[in-house]
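Thanks for making the time this morning. I would like to walk you through one structure and talk about its pockets and a few points in its backbone.

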Amino acid sequence: AIPSLHIMPLQGSEKDIRTITHDRSVSSMVFAPDEASLFITSPSNGGVVIYKINLTTLSVEPLSSVDEGVGSFDVSERNVAFVKTAVSSPFELFVADQSMKNQQQITSLNSSWLAGKALSKPEKFFFKNEQGMTIEYWVMKPTRFEAGKKYPTIVNIHGGPTAMWGPGEASMWHEFQYYCAKGYGVVYCNPRGSGGYGQSFMRANINDWGKGPTSDVLKSLEGAVGQGWIDTSKLAVTGGSYAGYLVAWIISHDHRFKAACSQRGVYDLTTFFGEGNAWRLVPNYFGGYPWEPEAQKNLERESPINYVKNIQTPFLIFHGEQDLRTGVIQSEQLYKSLKVLGKTVEYVRHPGATHELTRSGNNRQRIDQMLRTWEFFDRFIHKEV
């Protein structure tokens, strides 16, 4: 659930509590020096937006764009100092007035280095799914895109499942740009269950981790394919954590991809309950515990390991040995099952790696993972039939 936001005087009582209506999670908050307003940041529609709350009227006003992400920030009597990530540069320090107007860039940690580099800029699209929810997705063309040519494309899926991706998301900038520089298109979306779109959207995958989100992901891909430049015979799919789960689910129910990669995923929800430190996701999403008959049926139906015999796609699996979030045993189970079935599968178990393997983990292992994934995709996408 999205925590509700309330305010009360320091010396007040319960009757003085007032509720601020804001259907988004709050990343951080800073009071203005005059205490007349509160500044917060929230993930929203692909960006991390800074909002100003008037503490008299409790009105909430967005001050920045959903096409960029505001990280750490502070507020003075006149100005706001903040870190911003954007497509043009991962992170720089800026200062602006309290309305976020007249922005001035203070640092050049990345932007000067990138000035001579070619970047792929994501284009935003959307569609309505069968439940009437608006699904936003982004399409990135290969860096050296030429009209009239067809290109291989990677579908990249976020984890969580309550994470959110978009131009203002912090962690995937380098990976998206790397694949585009290697001649791939990239498609990513925020399927039902993602954060950044409010409470009802975030809870739309209750007892449905597989089928519904898969539909949103594949319709995003189909929307991108409709632009005419994607080679549908050269598709790959990847993702980590919950997205590792969803990759396994997708390729056990759909065979359009030539290669797939899961990182630090969840594949058997009953094992996940006992092994992972995020085990509360099991009762929160699936209605109970593995020993309860109704929940047991849900967990069995929603676990990709139970569809392993249907997997035909060449599959690369990563996990860190010290991953306490999702636990390494499920990757062992999936890998061994696929080997016994004679499927094409490779497994990389990184020594000492945690759940941060592909995000803020060991840089050498992050590079190793990305290079192995690119090589694996290239090997099977360009394989002679």
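How many nonpolar, polar and charged residues are there in the lining of the second largest pocket? Before I answer, please keep in mind that this is a predicted model. By class, that lining is made up of 10 nonpolar, seven polar and five charged residues.

Let me stay with this pocket for a moment. The second largest pocket holds about 480 Å³ of space, and of the 22 residues that line it, those closest to its centre are W173, H174, E175, Y178 and M370. If you look for the elements behind that lining, helix 1 (111-114), helix 2 and helix 10 (363-381) each contribute at least two residues to it.

Now to the largest pocket, where the space comes to about 920 Å³. It is lined by 47 residues, and the ones closest to the centre are G159, G160, P161, T162 and A163. Strand 13, strand 15 (230-240) and helix 7 (281-286) each supply at least two residues of the lining, and helix 7, with three residues, gives the most. Sorted by class, the lining of the largest pocket has 20 nonpolar, 21 polar and six charged residues.

Two of the residues I just named deserve a second look, since G160 and P161 are joined by a cis peptide bond, with omega at about 5°. P161 sits in the loop that runs between strand 13 (151-157) and helix 2 (173-181), and, as I said, both G160 and P161 are among the residues closest to the centre of the largest pocket.

That brings me to the rest of the backbone, and to two residues with positive phi. The first topic here is N102, which is not a glycine and yet has a phi near 55°; you will find N102 in the loop between strand 9 (89-97) and strand 10 (104-105). The other is R264, again not a glycine, with a positive phi of about 45°, and R264 is placed in the loop between strand 16 (259-263) and helix 6 (269-275).

Are these two side by side in terms of burial, or which is buried and which is exposed? N102 has a relative accessible area of 62%, so N102 counts as exposed, the cut-off for that being over 50%. R264 has a relative accessibility of 5%, and because buried means under 20%, R264 counts as buried.

I will stop there, and I am happy to go back to any of these places on the screen.

Terms used: Residues are numbered from 1 along each chain as its sequence is written. This is a predicted model: local features need pLDDT of at least 70, side-chain atom pairs count only at pLDDT 80 or more; totals for chains, interfaces and linings use all residues. Side-chain values use heavy atoms; hydrogens and water are left out. Helices (H or I, at least four residues) and strands (E, at least two) are DSSP runs, numbered from the N terminus. Buried means under 20% relative accessible area, exposed over 50%, partly exposed in between (1.4 Å probe, protein chains only). On a 1 Å grid over the protein atoms alone, a cavity is a set of points where a 1.4 Å probe fits but cannot get out, and a pocket is an open set with protein on both sides within 12 Å along at least five of seven lines; lining residues have an atom within 4 Å of a point. Grid points are joined across faces, edges and corners, and a volume is the space filled by probe spheres set on the points. Ala, Val, Leu, Ile, Met, Phe, Trp, Tyr, Cys and Pro count as nonpolar, Asp, Glu, Lys and Arg as charged, and the others, Gly among them, as polar.
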